[in-house]
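I opened the notebook to go through one model. I wanted its overall make-up first, then its helix packing and its aromatic rings.

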Amino acid sequence: MTQTRVKWQPYLGAARRRMAIARFHLDGLQQLLHQHSEVRSDAPPIPVQAYFDGVVTSVSAAIELVMQAIQTLPPMVRPPGFLASLSQDVAEWYSEPFREDLRKLRNRITHFSYVKAPEGLNWAVQPVGSAWRGSRELWSYARCAVEYGARLESLLPQIEAEIVARVSHDAHYSETGPA
């Protein structure tokens, strides 16, 4: 019986697209924050929150799509710790505390709610209990998220090359099914 394998390449393409969407949301957030230069309420206007949430969820989705590409590989090609084992650059990116903070905030956005409180001339998001200690201000956080995702995007050619190398050396794996 022939089993069709899920192809991993579309996930990486979708991750790149998600980063383009994150940049779109960041640009929109910047424009709106410039228009709303004074905090007038306890919560940001809906468009501001929508662009911020769009940045967080898009960068998170890009990360998850890369992880899903790796998960589609058979265990013999994808040993435990695969992503962090690729290179020092990938290991450093993966181990940054911002990744956990972003994941936790995305979970609050998706499944619960999160506090957005006035802070100076802008709003800040609540801490989510991670080791990351950067700015919680909406613009700073969103910009940090896009920069973090952009670093992943810059590592995609290296990740892709390593996947291709491992898949091509595995005699039991083929893109169309078992050998």
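These entries follow the order in which I looked things up.

**Entry 1: the model and its outline.** I noted at the start that this is a predicted model. I looked up the secondary structure and found 6 helices and 2 strands. Along the sequence I read the order α-α-α-α-α-β-β-α. The protein has 179 residues, and 42% of them are buried. I then turned to contacts between residues at least 6 apart in sequence. Of these, 75% join residues at least 24 apart.

**Entry 2: α4 against α6.** Next I picked a helix pair. Helix α4 covers residues 88-95 and helix α6 covers residues 138-168. At what angle do α4 and α6 pack? I have about 150 degrees, with the axes 10 Å apart. The crossing of α4 past α6 is left-handed.

I listed the residues on both sides. From α4 come D89, V90, W93 and Y94. From α6 come Y148, R151, L152, L155, Q158 and I159. Sorted by class, this contact holds 7 nonpolar, 1 polar and 2 charged residues.

**Entry 3: aromatic pairs.** I went on to the rings. For such a pair I need the distance of the centres and the angle of the planes. How many aromatic pairs are there? The count came to 8.

One of them joins W93 and Y94, with centres 6.3 Å apart. Their planes stand at 45 degrees, so I wrote the pair down as tilted, since that lies between the limits of 30 and 60 degrees.

Are W93 and Y94 buried or exposed? W93 has 3% relative accessibility, so it counts as buried, the limit being under 20%. Y94 has a relative accessible area of 28%, so I entered it as partly exposed.

I also checked W132 and Y141. Their ring centres are 5.3 Å apart, with 85 degrees between the planes. That makes the pair edge-to-face, because the angle is over 60 degrees. Both W132 and Y141 are buried.

**Entry 4: the cluster and a charge.** I followed the ring pairs from residue to residue. They link F52, W93, Y94, F98, W132, Y141 and Y148 into a cluster. Among these, W93, Y94 and Y148 were already on my list for the contact of α4 with α6.

Which residue lies over the face of Y94? I found R99 there, at 3.9 Å from the ring centre. So my notes on Y94 now hold a tilted pairing with W93, partial exposure and R99 over the ring face.

Conventions. Residues are numbered from 1 along each chain as its sequence is written. This is a predicted model: local features need pLDDT of at least 70, side-chain atom pairs count only at pLDDT 80 or more; totals for chains, interfaces and linings use all residues. Side-chain values use heavy atoms; hydrogens and water are left out. Axes are lines fitted to C-alpha atoms, for helices over the stretch in contact, and angles run from 0 to 180 degrees between N-to-C directions. Helices (H or I, at least four residues) and strands (E, at least two) are DSSP runs, numbered from the N terminus. A crossing is left-handed if the near helix is turned anticlockwise from the far one by less than a right angle, and right-handed if clockwise. Contact means heavy atoms within 4.5 Å. Ala, Val, Leu, Ile, Met, Phe, Trp, Tyr, Cys and Pro count as nonpolar, Asp, Glu, Lys and Arg as charged, and the others, Gly among them, as polar. Rings of Phe, Tyr and Trp (its six-membered ring) pair if their centres lie within 6.5 Å; planes under 30 degrees apart count as stacked, over 60 as edge-to-face and the rest as tilted. Buried means under 20% relative accessible area, exposed over 50%, partly exposed in between (1.4 Å probe, protein chains only). A charge sits over a ring if NZ of Lys or CZ of Arg is within 6 Å of the ring centre and within 35 degrees of the ring normal.
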